[in-house]
Amino acid sequence: MALAELIRSDGEAPGWLRLPALVRIVIVYLAARVITTGFFWGAAQLSTVGSRFGPHPSVGSLLMGWDAQWYWFIAVHGYPTTLPTDDSGAVTQNQWAFMPVYPYLARLFGGEGAGWQPAAIGISLVAGLLACIVLYLLLRERLDQDAATWAIVFFACAPLAAIFQIGYAESLFLLWLFLALWCTQRRRYGWLYPLVLLMAFTRPGVLAFALFLALHGVHRWFARHRERLRAGEVVHIVALGLLSAAAGFAWPVIAGLATGVPDAYMQTELSWRRGWIAGDGGFAPFEAFWQAAGFWFRTWGLGEVTGFIALIVVVVALALVLVFGPRVRRLGPEIRLWSASYLMYLMAVFFPQSSVFRLLVPLSPLWGAAAVPRSRAWRFGVLAGCLAGQWWWIYNMYGLGYTYWQIP
């Protein structure tokens, strides 16, 4: 039904809903990208000598800034077989922190020279549009076309919507993820096998999908009196869960084999953490969020204990919203289970710092909950908040660059 709606107009629907869904999505997405480009232009004009981009850089320089440089470096030089180290012998930041699908796909279309950059941005733009289309289909399983369309408006204009036109792998990962969630929602498990592998080598996060599949299997089991659970589906869910887990650990194994250092990937990831706290102290699941709560609240002069209490309050609040929130429940079990799985994954592996907002983007199906209320004031208020947040993020990350993120 939703697939047919993409290209079918509805003369009886009010206003813009008369247009085919595909047309609405394309218009929204293109308009949002024009706005985002304007924000980048404004940030370039306000960029100072304190920014890593210098005064008045070009918009193109901003679009290829920060981690986009790492992806380009991978496309040109590949991955190191000897890990770089500092004077103390600690592993420093290097290419192994980034997966290969995005940079090599851009190299396939644009080569290794100047053509790589427009190819990378083009992939992000196209993948972002396709992600919008798939997200609409995903949400239409539970929401009416008005709410689903507004969810796409929020998604395309979200505070982190700049990722749709910078040289990052996020857009491509979102496309694979939304396709995987949609296939799960429609019980098309066979399509998940290639999608799991694509996710695993595009961006970290497939281990969260493994947890999601486990929770999805448990949910299907307990709901089997309402929806028949076939033996073949059980086999698929178990096999896909194992594949997701294996794929999630494959990159660290590859990095270890290529460098001769078994924990090369872990040491590389911890090198980014050293930019925020002295030393890394090794890795222990869920430890980083406690460290970050103490670190940031101490930095802000609020005390570590306050940080620990705030972390507990936020975790409990998120759990209550996902379990009992009526608007979130409207989205169905797949989106709720994915959101819970991904949040648990982040808490297990990530040290919250300047990337924390970007790493929350895979929770974007929850925009559907924000689109449920029909109040115009609410919807335009959310949209205004999205655009204000987008400008704030672009200005602080690109206009100020290092200036903003300097720690006292």
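Helices here are DSSP runs of at least four residues, numbered from the N terminus. I kept that in mind while browsing this model, which is a predicted one.

**Entry 1: serine 244**

I started with serine 244 and found it in helix H11, which spans residues 231-259. Is serine 244 buried or exposed? Its relative accessibility is 0%, so I noted it as buried. Next I looked for a partner for its side chain. A polar atom of the serine 244 side chain sits 2.8 Å from the backbone oxygen of leucine 240. Then I listed its contacts, skipping neighbours within four places in sequence: Val196, Val206, Leu207, Phe209, Ala210 and Leu213 touch serine 244.

**Entry 2: helices H8 and H10**

Phe209 made me curious about helix H10, so I turned to its pairing with H8. Two packed helices are described by the angle and the distance between their axes. For H8 (residues 170-185) and H10 (residues 206-222), the axes come within 13 Å and cross at roughly 10 degrees. Angles under 35 degrees count as roughly parallel, and H8 and H10 are therefore roughly parallel to each other. Which residues make the contact? I wrote down Leu177, Ala180, Leu181 and Thr184 from H8, and Phe209, Phe212 and His216 from H10. Sorted by class, this contact has five nonpolar residues, two polar ones and no charged ones.

**Entry 3: glutamine 390**

My next stop was glutamine 390, in helix H19 (residues 376-399). With a relative accessible area of 1%, glutamine 390 is buried. What does its side chain make a polar contact with? I found the side chain of threonine 36, at 2.3 Å. Leaving out neighbours within four places in sequence, glutamine 390 is in contact with Thr36, Phe39, Cys157, Ala158, Pro159, Ala161 and Ala162. I also checked the spacing to cysteine 157: the two residues are 233 apart in sequence, and their C-alpha atoms are 7.5 Å apart in space.

**Entry 4: the cysteines**

Having met cysteine 157, I looked for disulfides. How many disulfides does the whole structure have? My search of it turned up zero. Why is cysteine 157 not bonded to cysteine 386? Cysteine 386 holds the closest cysteine sulfur, but at 7.0 Å from the sulfur of cysteine 157 it is too far for a bond; the cut-off is 2.5 Å. From the other side, cysteine 386 is in no disulfide either, and its nearest cysteine sulfur is that of cysteine 157. I looked up burial for the pair as well: cysteine 157 is buried at 7% relative accessible area, and cysteine 386 counts as buried at 2%.

Methods
Residues are numbered from 1 along each chain as its sequence is written. This is a predicted model: local features need pLDDT of at least 70, side-chain atom pairs count only at pLDDT 80 or more; totals for chains, interfaces and linings use all residues. Side-chain values use heavy atoms; hydrogens and water are left out. Helices (H or I, at least four residues) and strands (E, at least two) are DSSP runs, numbered from the N terminus. Buried means under 20% relative accessible area, exposed over 50%, partly exposed in between (1.4 Å probe, protein chains only). A polar contact is a pair of N or O atoms within 3.5 Å; within protein, one must be able to donate a hydrogen and the other to accept it, and residues adjacent in sequence count only if both atoms are side-chain atoms. Contact means heavy atoms within 4.5 Å. Axes are lines fitted to C-alpha atoms, for helices over the stretch in contact, and angles run from 0 to 180 degrees between N-to-C directions. Angles under 35 degrees count as roughly parallel, over 145 as roughly antiparallel, 65 to 115 as roughly perpendicular and the rest as oblique. Ala, Val, Leu, Ile, Met, Phe, Trp, Tyr, Cys and Pro count as nonpolar, Asp, Glu, Lys and Arg as charged, and the others, Gly among them, as polar.
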